[in-house]
Amino acid sequence: MDPIDWLLDSDPAIGWQAMRDLTDASPAAIAVERARVPREGVGAEILARQGADGAWHRTDAPVWLPTLFTMLLLRATGIDRADPAVESAVSRLEEGFRWDKAFGEKPFFEGEVEPCINGGTLALGAYFGRPTESLARRLVSEQLEDGGWNCEAPKSVRSSFHTTICVLEGLLEYERAVGSAPEITAARRRGEEYLLKRALFRRLSTGEVAHPAFLKFAYPPRYHYDILRALDNLSAAGVQPDVRVGDAVHIVESRRQADGRWLLDDAHDEALAFPFGESVGEPSRWNTLRALRVLRWHERR
């Protein structure tokens, strides 16, 4: 089996990214495949599941939970924000959703109080044409001395891998949306250094693996950190890979199956508004796409 052919013959959300990142397909052909995302597969499913109030719902979860994490999956599809169906959905969310009263009942893209949540919210606002400067500056102001972030701060003065990756994704997407933002860029690079100093998965004090789950490749990740998520973010940020990512990249390479694919180790899909289409322990297109993208980034260093 050719894993790239397997990716191309799948949901357009995955297929168009495989064409862009792993093949020499023309921009025109890539654009044709990407245009399918709002009308077929997971992208269309997400748009169809939106409630009349602009949010996404589960009977067993507060409204913000499926709204945030279903929208984050929509962003991961690379859907074209200019598509009329997408712009309509984002406008309904912007007009209808309010965070809890305890957080000021603010509109969705203004966020709430926890940086792990606000990192995702900032990424969504930036990607879908609603970059929120006040939210970006709040996150910068919450950066800890060691360079990362932690939802438990100020009680905790040590950063969290989990919170830090959420914020880094948000800051990067914000920079892409607004262009030059030196203060934001500086904070993001400090956060990247927090991870790189720890080889992406080790304790700074002992060099031991900080948590076994960091070496398991989950999708969708929710707020959970793992090295594949971190490497994919560094790749997206255009970071030049150095020796500090070597161990993490080796782990990714070692997890490739004999048929060239990667398995789904875990799925934090309990917050989605619909069933996730992959099964733990089975070959994963999302993990295979991201792993191949990371390895190509590393090989081109």
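**Entry 1: Glu105**

I began with Glu105, which I found in the loop between α6 (84–96) and α7, in a model that is predicted. Its phi is positive, about 50 degrees, although Glu105 is not a glycine. I then looked up its exposure: with a relative accessible area of 45%, Glu105 is partly exposed, because that class takes in what lies between the 20% limit for buried and the 50% limit for exposed.

**Entry 2: Ala199**

I turned to another residue with a positive phi, Ala199, where the angle is near 55 degrees and the residue is again other than glycine. Ala199 sits in the loop between α10 and α11. Is Ala199 buried or exposed? I noted a relative accessibility of 13%, so Ala199 counts as buried.

**Entry 3: the cis peptide bonds**

Which loop holds Pro220? I located Pro220 between α10 (182–197) and α11 (227–236), and I saw that the peptide bond leading to Pro220 from Tyr219 is cis, with omega near -10 degrees. I recorded a cis bond from Ala153 to Pro154 as well, with omega near 5 degrees; Pro154 belongs to the loop between α8 and α9 (161–178).

**Entry 4: Arg130**

I next followed Arg130, placed in the loop that joins α7 (115–127) to α8 (133–141). Arg130 has a relative accessibility of 13% and therefore counts as buried, the cut-off being under 20%. What does the side chain of Arg130 reach? I found the backbone oxygen of Phe128 at 3.0 Å from it. Leaving out neighbours within four places in sequence, I listed the contacts of Arg130 as Glu87, Val90, Ser91, Glu94, Phe109 and Gly125.

**Entry 5: Glu278**

I then moved along the chain to Glu278, in the loop between α12 (246–254) and α13 (285–299). At 16% relative accessibility, Glu278 counts as buried. Its side chain reaches the backbone nitrogen of Trp286 at 3.3 Å, and Trp286 also appears among the residues that Glu278 touches, together with Leu264, Ser284 and Arg285, when residues up to four places away in sequence are not counted. I also checked a pair set far apart along the chain: Glu278 and Val42 are separated by 236 residues in sequence, while their C-alpha atoms are 12 Å apart in space.

**Entry 6: the chain as a whole**

After the single residues I looked at the chain itself, in which I counted 13 helices and zero strands. How does its radius of gyration stand against the value for a compact globule? For 301 residues such a globule would have a radius near 19 Å, and the chain has 18 Å, so the chain agrees with the rule. Along the principal axes, the C-alpha atoms fill a box of roughly 50 × 45 × 40 Å.

I wrote down that 55% of the 301 residues count as buried, and that, among contacts with a separation of 6 or more, 64% come from residues 24 or more positions apart. The accessible surface comes to about 13,300 Å², and carbon and sulfur atoms hold 49% of that surface. Last, I looked up the charges: there are 38 positive and 46 negative ones, and their mean positions are 3 Å apart.

Key. Residues numbered from 1 in each chain as written. Predicted model: local features only at pLDDT ≥ 70, side-chain atom pairs only at ≥ 80, totals over all residues. Heavy atoms only, no water. Helix = DSSP H or I, 4+ residues; strand = E, 2+ residues; numbered from the N terminus. Rg over C-alpha atoms; globule rule 2.2 N^0.38 Å. Buried < 20%, exposed > 50% of the residue type's maximum accessible area, 1.4 Å probe, protein only. Contact = heavy atoms within 4.5 Å. Areas by Shrake-Rupley, 256 points an atom, 1.4 Å probe, with all protein chains shown as cover. Lys, Arg positive; Asp, Glu negative; His and termini not counted. Charge placed at Lys NZ, Arg CZ, Asp CG, Glu CD. Polar contact = N/O pair within 3.5 Å; in protein donor to acceptor, adjacent residues only side chain to side chain.
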